[in-house]
Amino acid sequence: MNSVGYILAIESSCDETSAAVLCNDRVLSNIIATQKIHEKYGGVVPELASRAHQQNIVPVVDQALKEAGIAQDQLTAIAYTQGPGLMGALHVGSSFAKSMAMALGIPTIPVHHMRAHIMAHFIRESDHQQVPSFPFLCLTVSGGHTQIVLVRSALDLEVVGETIDDAAGEALDKAAKVMGLPYPGGPHIDRLGALGDAHKYRFTFPQISGFNYSFSGLKTNLLYFLREKQAEDTSFIERELTNICASYQHVVTEYLLARYEAAALKHGVTQLALAGGVSANSVLRAKLAALCESRGWQSFIPPFSYCTDNAAMIGICGYQQWLAGHRGNLSDAPKASWSLV
Ligand code: KG4
Ligand code: ZN
């Protein structure tokens, strides 16, 4: 009864054009075209993202089908990202998905991008793979979102904490930009931080109630610190880059996990998952694993390729929605902002 067949999935919410083919919960192909054009602007330029999606979408879908060895007429449904994301970028993927589904006479499955990040844990890579069992907590950390989500079932989610301003990824990307690193800065901070001393400089946690976060204060804290140091020594950033990256990454990850641990204790949940692009961060991954080990909890972190934006996660989320009876229709419109629940 858990069989859907072949699902084509399309992701185009930001600056990755991606298509995947799944056979139920297994990924047969997952093609990702990352738009390099944004690097020179230090952030995603929405108009350029839409244009690049238009250029990439046909070849990326073609390649996904080819790599999976699946013909168009074997597809059961097309899942696509309906939101949240950049409106123009979402339009490209959703219009393509709906047109192709109409031409093939098959249904669409519109998917919420952040739900898909969480559901990436259920992509089946092997028969012995451990997946979280319900209920579990998921810390979703991406360029646009930071939330602690209580996952009661694939379709029953509750946000128990979230950022009141910037997302964790944004805090890393903006800090990297101030230090002159390319966009997106998160992976560069990760790489450079591994070479530095995480305890050399101290930045303090913003105090926010409950299990919520605030990252804008932390970013400003870094900005003022750098201004002061640069005024004394213009080569400070250059000289101390690895130590600054390590120290800043240290406070961001400690802050994320301190609240996450408190939320787990409050909700009596012992399975802790990570999702979203920032879950590719090596320090965050290692610290979550260490925290869970020390408390006798279980941690779940998807493989790198399913952490940052990809269509395979859209496919697995579409698969679960299909089993629950969800189908889209041709009047479904993209949603630039769309709350998780
Ligand atoms: O989920 P994602 O690919 O796109 C959004 O939905 O936002 O997340 C992108 C974010 C960016 O902020 C990027 O800097 C961050 O994920 N990121 C990382 C790493 N890889 C990606 N941050 C820290 N360390 C990494 N290794
Ligand atoms: Zn994402």
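This short talk walks through a predicted model of a protein with a ligand, beginning with the domains and ending with a few details of the backbone.

Before I start, residues are numbered from 1 along each chain as its sequence is written, while chains are lettered from A and ligands numbered from 1 in the order in which they are written. Since the model is predicted, local features need pLDDT of at least 70 and side-chain atom pairs count only at pLDDT 80 or more, whereas totals for chains, interfaces and linings use all residues, and side-chain values use heavy atoms, with hydrogens and water left out.

Let me begin with the domains. The domain assignment gives domain 1, which is 6-122 + 306-323, and domain 2, which is 136-302; such bounds come from an automatic or database domain assignment. The C-alpha centres of the two domains lie 27 Å apart, and 19 residues of domain 1 are in contact with 24 residues of domain 2, where contact means heavy atoms within 4.5 Å. About 1,700 Å² is buried between domain 1 and domain 2, and carbon and sulfur atoms give 75% of that area; buried area here is the accessible area (1.4 Å probe) that two parts lose on being put together, summed over both. On the side of domain 1, Ile 118, His 121 and Cys 307 lose the most area to domain 2, and together they make up 34% of what that side buries.

Now, where does ligand 1 lie with respect to domain 1 and domain 2? Both domains give residues to the shell around ligand 1, so the ligand lies between them. There are 19 residues around ligand 1, and those that come nearest are Gly 143, Asp 173, Asp 190, Gly 277 and Asp 309; a residue counts as near if one of its heavy atoms lies within 4 Å. By class, this shell has five nonpolar, eleven polar and three charged residues, and for this count Ala, Val, Leu, Ile, Met, Phe, Trp, Tyr, Cys and Pro are nonpolar, Asp, Glu, Lys and Arg are charged, and the others, Gly among them, are polar. Helix 3 (113-119), helix 4 (168-178) and helix 5 (186-193) each supply at least two residues of the shell, with helices (H or I, at least four residues) and strands (E, at least two) taken as DSSP runs numbered from the N terminus.

Looking at individual atoms, an oxygen atom of ligand 1 is 3.2 Å from a polar backbone atom of Gly 186, and an oxygen atom of the ligand is 3.0 Å from a polar backbone atom of Gly 277. In addition, a nitrogen atom of ligand 1 is 3.1 Å from an N or O atom in the side chain of Asn 281.

Finally, some backbone details. Most residues other than glycine have a negative phi, and most peptide bonds are trans. Asn 24, in the loop between strand 2 (16-23) and strand 3, has a positive phi of about 55° although it is not a glycine. A cis peptide bond joins Gly 83 and Pro 84, with omega about -15°, and Pro 84 sits in the loop between strand 4 (75-83) and helix 2 (87-104). Another cis peptide bond joins Tyr 183 and Pro 184, with omega about -10°, and Pro 184 lies in the loop between helix 4 and helix 5.

Terms used. Polar contact = N/O pair within 3.5 Å; in protein donor to acceptor, adjacent residues only side chain to side chain.
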